[in-house]
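Work through these exercises with the structure open beside you. Try each task before you read its solution.

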Amino acid sequence: MAELSPLGVSVLALLAERDMHAYEMYQLMLERSEDKVVKVSPGSLYRAVERFAVDGLIAEVAVERHGNRPERTVYAITDDGRERLRSTIAGMLRSYVNEYPEFPVAIGEAHHLPADEVAELLGERLASIRELLGFIDGALEKIAARGLPTAYILNVHYTRTLLVAEATWLEQTIGDLRSGELAWPEASA
């Protein structure tokens, strides 16, 4: 059986919390801003739920209907699903995986652009990171006010730490580009 994707882990983790239908899972992920960590759309979530039901990782436990809304199937995680969730999380924690983000490629080839343009573009990236950090800090304040234990949001703290490190690197690199300390070739592209 194939490894669970990050979306798969998120789906099973939600069902480990409580039984719910797919639309509720999607709404909860958006409410928790998990869409900033896991690539999710209603279609991808529904496909994952269907696949997990076929694979026996989740099971139908009820069908709900509220007012004129369509029927919604409520799912629960099975023992096999719970074990698969645990083993996948353990594997993800244990091993480093290069996830091939775009930025290392772009920065590695940035010398094809003029230094002033690179500094400007990196400045725009830095501004977007600062905006995201502001959002995360606000969310962490709200979470702290609700008394949610840090163990439930380690991913948010990890993401924040990576963003702070990148912001520091960007500030230094932009400064070095603008001061001329970072030697820059003539743009070749």
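## Exercise 1: Helix 6 and helix 7

The axes of helix 6 (residues 115-146) and helix 7 (residues 154-179) come within 9 Å, and they cross at roughly 155°. The model is a predicted one.

**Task.** Classify the packing of helix 6 against helix 7 as parallel or antiparallel.

**Solution.**
- Step 1. Recall what is needed. Two packed helices are described by the angle between their axes and the distance between the axes.
- Step 2. Take the angle, roughly 155°. Angles over 145 degrees count as roughly antiparallel.
- Step 3. Conclude. Helix 6 and helix 7 are therefore roughly antiparallel to each other.
- Step 4. Add the handedness. The crossing of helix 6 with helix 7 is left-handed.
- Step 5. Sort the contact residues by class. Where helix 6 meets helix 7, 17 residues are nonpolar, four are polar and eight are charged.

## Exercise 2: Helix 7 on its own

**Task.** Check the span of helix 7 against the value expected at 1.5 Å a residue. Then list which residues of helix 7 are buried.

**Solution.**
- Step 1. Find the expected span. The 26 residues of helix 7 should span 38 Å at 1.5 Å a residue, because the expected span is 1.5 Å times one less than the number of residues.
- Step 2. Compare. The end C-alpha atoms of helix 7 are 38 Å apart, which agrees.
- Step 3. List the buried residues. In helix 7 they are Leu163, Glu166, Ala167, Leu170, Thr173, Ile174, Asp176 and Leu177.
- Step 4. Find the cover. Helix 5 (102-108) and helix 6 are among the elements that cover the buried residues of helix 7.
- Step 5. Look past the end. Gly180 follows helix 7, and its phi is positive, near 85°.

## Exercise 3: Helix 1 and its cover

**Task.** Do the span check for helix 1. Then say what covers its buried residues.

**Solution.**
- Step 1. Helix 1 covers residues 6-17. At 1.5 Å a residue, its 12 residues should span 16 Å.
- Step 2. The end C-alpha atoms of helix 1 are 17 Å apart, which agrees.
- Step 3. The buried residues of helix 1 are Leu7, Gly8, Val9, Ser10, Val11, Leu12, Leu14 and Leu15.
- Step 4. Their cover includes helix 2, helix 3 and helix 4 (79-94). Strand 1 (20-21), strand 2 (58-64) and strand 3 (72-77) are also part of the cover.

## Exercise 4: Two residues of helix 1

**Task.** Decide whether Val9 is buried or exposed, and do likewise for Ser10. Then find what each touches beyond four places in sequence.

**Solution.**
- Step 1. Val9 has a relative accessible area of 12%. Buried means under 20%. So Val9 is buried.
- Step 2. Leaving aside neighbours within four places, Val9 is in contact with Leu4, Leu85, Thr88, Ile89 and Met92.
- Step 3. Take one partner, Leu85. Val9 and Leu85 are 76 residues apart along the chain, yet their C-alpha atoms are separated by 6.1 Å.
- Step 4. Ser10 has 10% relative accessibility, so Ser10 counts as buried.
- Step 5. Not counting residues up to four places away, Ser10 touches Met29, Glu34 and Val38.

## Exercise 5: Helix 1 against helix 4

**Task.** Describe how helix 1 and helix 4 cross, and name the residues that make the contact.

**Solution.**
- Step 1. The axes of helix 1 and helix 4 come within 10 Å and cross at roughly 130°.
- Step 2. Helix 1 and helix 4 are therefore oblique to each other. The crossing of helix 1 with helix 4 is left-handed.
- Step 3. Helix 1 contributes Pro6, Val9, Leu12, Ala13 and Ala16. Helix 4 contributes Gly81, Arg82, Leu85, Thr88, Ile89 and Met92.
- Step 4. By class, the contact of helix 1 with helix 4 has eight nonpolar residues, two polar and one charged.

## Exercise 6: Helix 2, helix 3 and the loop

**Task.** Describe the crossing of helix 2 with helix 3. Then find the sign of phi at Ser33.

**Solution.**
- Step 1. The axes of helix 2 (residues 22-31) and helix 3 (residues 42-55) come within 10 Å and cross at roughly 130°. That makes helix 2 oblique to helix 3.
- Step 2. The crossing of helix 2 with helix 3 is right-handed.
- Step 3. Ala22, Tyr23, Met25, Tyr26 and Met29 of helix 2 meet Pro42, Leu45, Tyr46 and Val49 of helix 3. This contact of helix 2 with helix 3 has nine nonpolar residues, no polar and no charged ones.
- Step 4. Ser33 lies in the loop between helix 2 and helix 3. Its phi is positive, near 60°, in a residue other than glycine. Most residues other than glycine have a negative phi.

Conventions: Residues are numbered from 1 along each chain as its sequence is written. This is a predicted model: local features need pLDDT of at least 70, side-chain atom pairs count only at pLDDT 80 or more; totals for chains, interfaces and linings use all residues. Side-chain values use heavy atoms; hydrogens and water are left out. Axes are lines fitted to C-alpha atoms, for helices over the stretch in contact, and angles run from 0 to 180 degrees between N-to-C directions. Helices (H or I, at least four residues) and strands (E, at least two) are DSSP runs, numbered from the N terminus. Angles under 35 degrees count as roughly parallel, over 145 as roughly antiparallel, 65 to 115 as roughly perpendicular and the rest as oblique. A crossing is left-handed if the near helix is turned anticlockwise from the far one by less than a right angle, and right-handed if clockwise. Contact means heavy atoms within 4.5 Å. Ala, Val, Leu, Ile, Met, Phe, Trp, Tyr, Cys and Pro count as nonpolar, Asp, Glu, Lys and Arg as charged, and the others, Gly among them, as polar. Buried means under 20% relative accessible area, exposed over 50%, partly exposed in between (1.4 Å probe, protein chains only).
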